[in-house]
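Visitor: I am new to this structure and would like to learn how its terms are justified. Could you show it to me and take my questions one by one?

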Amino acid sequence: MPQIVNAVEMRGIVKRFPGVLANDHVDFDLCQGEVHALLGENGAGKSTLMNVLAGLYKPEEGAISVEGKRVSFNSPRDAIAAGLGMVHQHFMLVPSQTVTENIILGLEAPRFVLNMAELDKKILALQEQYGLRVDPKAKIWQLSVGEQQRVEILKMLYRGARVLILDEPTAVLTPQEIKEFIATLKGMVASGHSIVFISHKLDEVLAIANRVTVLRHGRATASGVSTAGTTKRKLAELMVGRDVIFFLEKPPATPGPVVLDLQDLKAENDRGLQALKGVSLQVRAGEILGIAGVAGNGQSELAQVITGMRKALSGHVRVNGEDVVNRSPRVAINRQVAHVPEDRNGVGSAPSLSLAENLIMKSYRKAPVGSRLALNRSVIRKQAEELKTAFDIAAPNIDVQARLLSGGNLQKAILAREMSAEPKIIVAVQPTRGLDVGAIEAVQRVLLDERARGTAILLFSEELEEVMALSDRIAVIYEGQIMGEVKPEETTLEQIGLMMAGQRLENIRGETDGHE
Amino acid sequence: MATNDTLAKGFRPTYSLRLERRLTTPKWLPVATSVGAVVVALIVGALLIYLGGGHPLAAYQHILEAAFGSVGVFNDTLVKATPLILVGLACALAFRMRLWNIGAEGQFFMGAWGASAVVLLPLLPATTPKPLMLLAMALAGFLCGALWGFIPGYLKAKLNVNEVVTTLMMNYIATSWVLFWVFGAWSEGGFQMSRMFPRTAWMPRLLDYAKSIPAFGGLTLHGGILLGLIAATIVWFIVSRSKWGYEIRLIGDNPRAAHYAGINIVRNTVLVMMLSGGLAGLAGMSEISGVVHRLQGAISPGYGFTGIIVAWLAKLNPFAVVLVSVLFGGLILAGREIQPSGIPRMLQGIILFCVIASDVLLRYRVRLVRS
Ligand SMILES: Nc1ncnc2c1ncn2[C@@H]1O[C@H](COP(=O)(O)OP(=O)(O)OP(=O)(O)O)[C@@H](O)[C@H]1O
Ligand SMILES: [Mg+2]
């Protein structure tokens, strides 16, 4: 018998879904007190493997032991009882309830009498210990995504989880939040927790994880490799099975006339606060304008105003000279404005409709998909099959419900739909979020192809490297205002960082000029 | 390994039931649960009849005979099923968009009133040719029902007023409105009913053709059933095949995605409520033109509410609505025929109860586990 028992041992796990072998005899070990990263392409079976571990799915074959003891979970409750807690890719919180209420939801104790003040205090103590700050009395809907994630983690810690499974936790965080999050992880490891961490961001994985396991088409291509002896390039190759080009060669732009002209846009956010305080921008045909900024500085609202989904208080949105501000999403669609929305589950897709039905959301009105009254079912099926192949959407078939697609594949489906409409303008909000390195490359290629075709592209991204690599010009947004516009070849990451923190370009330039 | 575990626990492992969330719902499952729910309801009903000192099998046999035992009673069952089909379709359509229209009863009454107004106000003289008269009555019935759907639909769409409350309350207004007319302006000699409609306002019945086809003698099945079948086909086409139906399903599944797809949610909410109300209104027209032949207070034994059960049991499938309506038509009829009449009513209630309970099986899988 070995002296040190693993926190978790999974042996020969097999999990099938109708038409897919999501896990094919996968082995996975988690040592006590380590951070173990799980990598793999979209649809490789990462979430599935961890859902098996968390008691959500029952594997067809395989054995699981926790701290040396054989276990067989019938529900997440059993897993939590064994000390395993999972934070899912999509959060499972009740929006209208407070943080504390969500944390104690479903627990046996307290039974009848809720001493809220007492509970709040307990939760504050837990927060203090791990640096997961969030107001216990706040309602979930009032919280940012990052804060909601902290609630999910607190929920698991409160239940006494010793092993934390985090499914793509950093995909929804801002760079600043990621820094804090990494610190939190280190703190949790120091206090004896073991962590499984799913991510597509290889730099992050190399920085945080002790070991990695890589899945590919449901099989482990690397099991528990130490991060010390590997590189980003090697990991990427293990994931996709070929050499990955991280940033594509970008041919010089040939900008045409101004296609999208935004003037002095002002708008409120959902909570009635002013989110846009006079934004003016222009995008030309055949160029990519990148919008950099920390999430929550008005990016979503700006994208929504352009695509007719949100009313502006004032200002203009001119598409090829025609003012379409405050018309409707329909008008934007008819003017061939494609929109890759930020919230792919809540806005970009209909969970219970099929993949094929999700792919026609923008095209069903016109021939050949729609005739005068009816939908043309054979055309819908043919197009769906074509898009599924062209965009490499991993799904058993086109009739599968959208909610059963893996996170990255849903994103691919949305991209496929938006790009297939031959857009004149693309408003893409975080288009590569949650995608694997191979898919990111594919999306970047699609955007560059569209640019070559003469499409005007507005790219919102928090990934500075991505904005730098793809954009012809970069505008930085801060608290609903544009801090300045620069060319990627004439700027530095520091300069953009300063603007993202609220300094105007004139001021920064003024200072540096002064020094020279 | 597994045997070891069992041995370790001894030879008497204990079992327990657990609910596990279903990831996918196979196509046959809704059908199976609906049928299963009816079967369970019949068993529960039998138990209650037995406990009450009755003979369950005799009672069921009686119900079966009273509803389906001969051409004559089957005719009556279909007559009862006719309004249920239209009302069931009305509910099924609205429920597709997650609009909880529980005002079909009121829309039914308004439809009946509108159709009567054509004859009684009168909007058309009694000598109007039958096809024109019936067309006008159907149109008036549909429009009045649609109006009753429009009001809650508009309030929901524009002001987000809960449609459950408004449609429910508008039921009371509709029944009172009909009573107001049958007690007042349209009362015949002070009785709470209108005068008999002229023959031109009667829906054709099978017995009208008894001269050429003797077998139709005494059969009161009327043209309303055709309306129901045509409506079922149209509703099926709308929901499953048409562009509009796609919009309805998209809004029902995720309104924010529908908004993103450029679909006008306000307009669709109003339209669906109007079509739903219109179908229920058509049921009212069909009932007074095909069966009652006059307007009176008691024209519905709660068709509007039974329609909700029908739609639910049919899992919102328009053709299943037709089948379920026939079953419920039989139960309503048996309620008139057998004593105590409460039994078929009780069965209706138990069926609804079982159907709602069986929904759990669509979302969860029950597992027997050793603990
Ligand atoms: N509940 C389900 N029913 C049917 N198929 C499923 C279900 N869950 C996942 N799948 C399929 O199993 C495969 C693996 O999915 P999984 O969610 O584990 O991928 P993933 O590695 O987490 O991908 P991503 O990085 O995109 O989140 C996919 O092909 C997916 O479509
Ligand atoms: Mg996943």
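Visitor: What makes the approach of A:Ser406 to ligand 1 a polar contact?

Guide: A polar contact is a pair of N or O atoms within 3.5 Å, and within protein one must be able to donate a hydrogen and the other to accept it, while residues adjacent in sequence count only if both atoms are side-chain atoms. In this predicted model, an N or O atom in the side chain of A:Ser406 is 2.7 Å from an oxygen atom of ligand 1, so the pair meets the cut-off of 3.5 Å. A polar side-chain atom of A:Asn42 lies 3.0 Å from an oxygen atom of the ligand, and for A:Ala44 a backbone N or O atom lies 3.2 Å from an oxygen atom of ligand 1. Taken alone, ligand 1 exposes 640 Å², and the protein buries 95% of that, the areas coming from the Shrake-Rupley method with a 1.4 Å probe (for residues, only the protein chains shown count as cover).

Visitor: How is the model numbered, and which parts of it are counted?

Guide: Residues are numbered from 1 along each chain as its sequence is written, with chains lettered from A and ligands numbered from 1 in the order in which they are written. Local features need pLDDT of at least 70 and side-chain atom pairs count only at pLDDT 80 or more, whereas totals for chains, interfaces and linings use all residues; side-chain values use heavy atoms, with hydrogens and water left out.

Visitor: Which residues surround ligand 1, and where does the ligand lie?

Guide: A residue is near a molecule or strand if one of its heavy atoms lies within 4 Å of it. There are 21 residues around ligand 1, the closest being A:Gly43, A:Ser47, A:Thr48, A:Ser406 and A:Gly408, and the ligand lies between chains A and B. Helix 1 of chain A gives the most to this shell, with three residues, where a helix is a DSSP run of H or I with at least four residues and a strand a run of E with at least two, numbered from the N terminus.

Visitor: Why is the second largest pocket said to lie between domain 1 and domain 2 of chain A?

Guide: Domain 1 (8-240) and domain 2 (248-336 + 423-516) of chain A both give residues to its lining, so the pocket lies between them; the domain bounds come from an automatic or database domain assignment. About 1200 Å³ of space lies in this pocket, and of its 43 lining residues the closest to its centre are A:Lys201, A:Glu462, A:Glu463, A:Leu464 and A:Glu465. Helix 6 of chain A gives the most to the lining, with five residues.

Visitor: What makes a space a cavity, and how many are there of 30 Å³ or more?

Guide: On a 1 Å grid over the protein atoms alone, a cavity is a set of points where a 1.4 Å probe fits but cannot get out, while a pocket is an open set with protein on both sides within 12 Å along at least five of seven lines, and lining residues have an atom within 4 Å of a point. Grid points are joined across faces, edges and corners, and a volume is the space filled by probe spheres set on the points. By this rule there are two cavities of 30 Å³ or more. The largest has a volume of about 70 Å³, and the second largest holds about 50 Å³, with B:Tyr260 and A:Lys362 among its lining residues.
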